[in-house]
Amino acid sequence: MDFNLTDERQMLQDSLRRYLADKYTTKVRNEILESETGMSGAIWTGLADLGVIGALFTEAQGGFGGAGFDITTVFEELGRAGVVEPMLDSAILGGRLIAALGDDAQQALLGDVIGGTLHLAFAHGEPTSRYDLSRVQATAVQNGDDIVLNGRKAVVANAEAAGYLIVSARESGAADDVDGISLFLVPADSAGLTLRGYPLFAGGRAAEVSFDDLHLPSSTRLGAAGAAYPAIAAAVAAANVALAAEALGAMETATELTRSYLMTRQQFGRPIGTFQALQHRYSDMLIELEQARSAVINAAGHLERDAQQRDLQIAAARNLIGRSARLVAEESIQMHGGIAMTQEYELAHIAKRIVMTDHRFGDTDYHLERFIALSAA
Amino acid sequence: MDLSYSPEELAFRDEVRSFLRDELPKELSDKVRSGAELGKADIERWHAILNARGWFAQNWPKEFGGAAWNAVQRHIFEEEAAMADAPRIVPFGLSMLAPVLQKFGSKAQQDHYLPRILNGDDWWCQGYSEPGAGSDLASLKTRAVREGDHYIVNGQKTWTTLGQHANMIFCLVRTDPDVKQQAGISFLLIDMDTPGIEVRPIILLDGTPEVNEVFFKDVKVPVENLVGEENKGWTYAKYLLTHERTNIAGVGFSRAGLDTLKRIARIEMSGGRPLIENPHFAARLAKVEIDLMAMATTNLRIISQAAGGAAPGVESSMLKVKGTIIRQEINDLTRRAVGPYAMPFPSETLEGNNDPVGPDYAGPQSAQYFNNRKLSIFGGSNEIQRGIIAKVKMGG
C-alpha cells in the first residue's frame, strides 16, 4: 500500500503548480474569461510544452502517462487554479476516443493534440438526452461511399476552437439503444455543420451544433459501424475521473481561501475565525475535502478495471463529490459573506467551477442512481 | 385554532387577485417569470400602478397617505403578487426609510420626502454596510463632521443595492468617535448629486451589476438632513431593521419558485420519463415542499400575533434562517433540473435580445442559484440571526 505519487507524477504536480501559480493569476484568468475565445492560446501552448497534455496519453499513443492517477494529478492542479482551458475536451474526451477507435491515419492526429496545436470537441449530448450516454437521435445514413449526418448536439464544449468534432450518430437501433451508435471525425469546416457559440457560466465556451445533410466520406468513421458505445463509456469514465479531481482541486482552493479569510477578517474586534460556530463549519469542510480526496483515489485506481468495477467507483466518487463540493462551495461563500459574491474575487470563480461540475456527465442524483443500479448488477 | 382566512380576508384576497389580473402588465410578469433583469423604468412603472390604486404604501399609516394594511393583508398581497410574478417592490424608500421618517423625522422631512416616495420622485438607496463593517455594522467608520450648518462626510459604503438608480441615499455615519460605537452614529439623508460622491458598480458572480460601492469625499450635507437627534442613529437603524424583516420568510417567492420548478420538472426528461417522476428528484422536491408548508404556517402564526399587536421577537430571525434555506434549496433543485443547459452563461438572454440557448426556462437558473446565495448573507446573515436567537433565549 502506497498513497504517495510516483516521482514522475510528483514532478508533474510540482511543475504544473508552479507554472499556474506564476502564469495563471486571478487577473490573467479574469481577462481570459472576458475574451472572445474564452481561452488563452499562450497558456495552452505553455501547458503542452510543460508536458501536461502528454501526461494524459500512454507511451504507445505518443505520451508518457495516461493512467487514472496521471489524470487526477493534472486535473487536481487545473482545479486548484480554476483553469478554464479545454483540457477535458481536447485531451481526455477527444484524445481517448481517437486513441481507442482510430485507424493509423486518425491516430496520427494525437501528435498534434499532445503538441497543443489541435483542439477537439466531443459532440455527443443532445437537447433532450440529459445525461443518458446511449440516448443518441442524430442519424448517420450510408449513401454510396458517403455518410450523411443529421441532428442536433447540445452544449458542445470547445466546439468553436476544435479542428475536428467527434460526433456521435445512430446508424441502427432505437433512440436509447447501446448498439448502433457510431462516431465520426468531422472537420470543423464541413459544409452542413452549424455552430451557435456562447460563453459558459464557469468559463470557457460551448456551442449548439447542428448537422443538416452533412456529407462525409466513410473513412471519417471511428472504428466499426454502430459499435462505438464501449469507447464512449470508457472516455466518459476518464472524463468523470478528471471532473472529480478538478472539483477536488477547486475544493482545496475554496477551503484555503476560507481559512485565510476567517483568520484575517475582523468583526466585533476579533478575527471571525475565533468564533467557534465558524471553526466547526470550517472543520466540516476539511473533513468533506478528505472524503473527496479518497473518493478520487478510489475512482482513479479503478479506471483501468473492467467496466462494471470502473463505473461503480466512478459513480460513487461523483456522487460523494457532488455532495461534498456543494457543501464546500456554499459554506465558503457563506463564511466569506458579500465579498465572495463579487465576480472579481477568486472564490466566486472557484465556486462556479465546483457547482458547474455537477452539470457535466451526470449530477449527484444521476450518479446515485448509477451506483444503485451497478451495485445491484 | 382555525387555519382558514376569515370571510373579510378572503374577500380581500379576491380583490388583490383581480387587481393583479387586471393591472399587472404582462411584459413585467413575463420578465419576472423568465428571470430577466428588471430595469429602472419597469420597477417605477409597477410602483406607479400600485400607487394609483393606493396600494403602494401598504404599511404606512393613513395620515401619511398609506393603506394601513395589517400584517395579514400585507402577507396576502405579498403571496399573491409573488405567485402572479409581479415585480418585487423596491423597499428602500418605501418600507425602510419611510417608517423611520414617520417616527423620528421632522415635520419638514415628512412633508418633503414622504410624498416624493409615494410618487416615485426619489429613488432611495441604503448606506449602511462598509468594507470593514458588515455583520459588525456598529463598527462603521464613515465620518460626518459638523461645520456650521453642514456636515462634511468622508468615507465609503458598500453593497449598496440598486444604488445606480438612486438619487438619494440614507446613511449611517459616525458623528462621535470617542464614545461607545453605537452611541456615536447618526442618520443622514444625502442627495447623490452632491459633489464628492462617486458610485462604482460591483459586478456580482452571476454577472449582474446589482450592488455598488459609494465613496464620499468632503461631501457637504445640510444639517436639516439629519434625522432625529445627532448620535441617535443606531436606535433608528435598529427600528428600520425590524421593518426590513417583514416578509422575511419569502413564502410567496418560495411558492412561485416551487411552481416554476414543478413546471420545469414536468418538461425535462430523465431516463425516458419526466424528471418529476424520478424518485430521487421527487423525494428532494417533496422534502422542500413539506418544509415550506410548515414554514408558511409558522409565518402565519407570527403574522397573526403581529396583527394582534405583539412585537415580533426571535421568530423573525427564525423565519429568516428557515426561509432563506428553503429558497436556496429550491434554487438548487431548479438549477439541477435543467441539466446540461444550466451551463451556458445567460448574458444575452438576461438582456432579452437573443434567442435563449436550450429551453427558455433554463437560462437564468444558474444565475439565480448563485445570486440567491446573498439571501443568507444580507439583512443580517443567518449566523447573526442564530446569534440573536441564542442571545434572546439564553441571555448574555
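The exercises below, each with a worked solution, concern a predicted model.

**Exercise 1.** Decide whether the radius of gyration of chain A agrees with that of a compact globule.

*Solution.* Begin with the length of the chain, which is 377 residues, for which a compact globule would have a radius of gyration near 21 Å. Next take the value for chain A, which is 21 Å, and therefore the two agree. As further description, the C-alpha atoms of chain A fill a box of roughly 80 × 45 × 40 Å along the principal axes, and buried residues make up 59% of the 377 residues.

**Exercise 2.** Describe the span of chain A that carries a UniProt domain annotation.

*Solution.* First locate the span: an unreviewed UniProt entry gives the annotation "domain: Acyl-CoA dehydrogenase/oxidase C-terminal" for residues 240-369 of chain A. Then consider its secondary structure, which is 76% helix and 3% strand, while chain A as a whole has 12 helices and 10 strands. Finally, look at the two ends of residues 240-369, whose C-alpha atoms lie 15 Å apart.

**Exercise 3.** Classify Asp218(B) as buried, partly exposed or exposed, and describe its surroundings.

*Solution.* Start with the position of Asp218(B), which lies in strand 7 of chain B, formed by residues 211-222. Its relative accessibility is 47%, and because partly exposed covers the range between under 20% for buried and over 50% for exposed, Asp218(B) counts as partly exposed. Then, setting aside neighbours within four places in sequence, Asp218(B) is in contact with Ile152(B), Val153(B), Asn154(B) and Pro195(B). Lastly, Tyr151(B) is 67 residues away from Asp218(B) along the chain, yet their C-alpha atoms are separated by 9.1 Å.

Note on methods:
Residues are numbered from 1 along each chain as its sequence is written. Chains are lettered from A and ligands numbered from 1 in the order in which they are written. This is a predicted model: local features need pLDDT of at least 70, side-chain atom pairs count only at pLDDT 80 or more; totals for chains, interfaces and linings use all residues. Side-chain values use heavy atoms; hydrogens and water are left out. Helices (H or I, at least four residues) and strands (E, at least two) are DSSP runs, numbered from the N terminus. The radius of gyration is taken over C-alpha atoms; the globule rule is 2.2 Å times the number of residues to the power 0.38. Buried means under 20% relative accessible area, exposed over 50%, partly exposed in between (1.4 Å probe, protein chains only). UniProt positions are given in the numbering used here, feature names are shortened, and annotations may be inferred rather than shown by experiment. Contact means heavy atoms within 4.5 Å.
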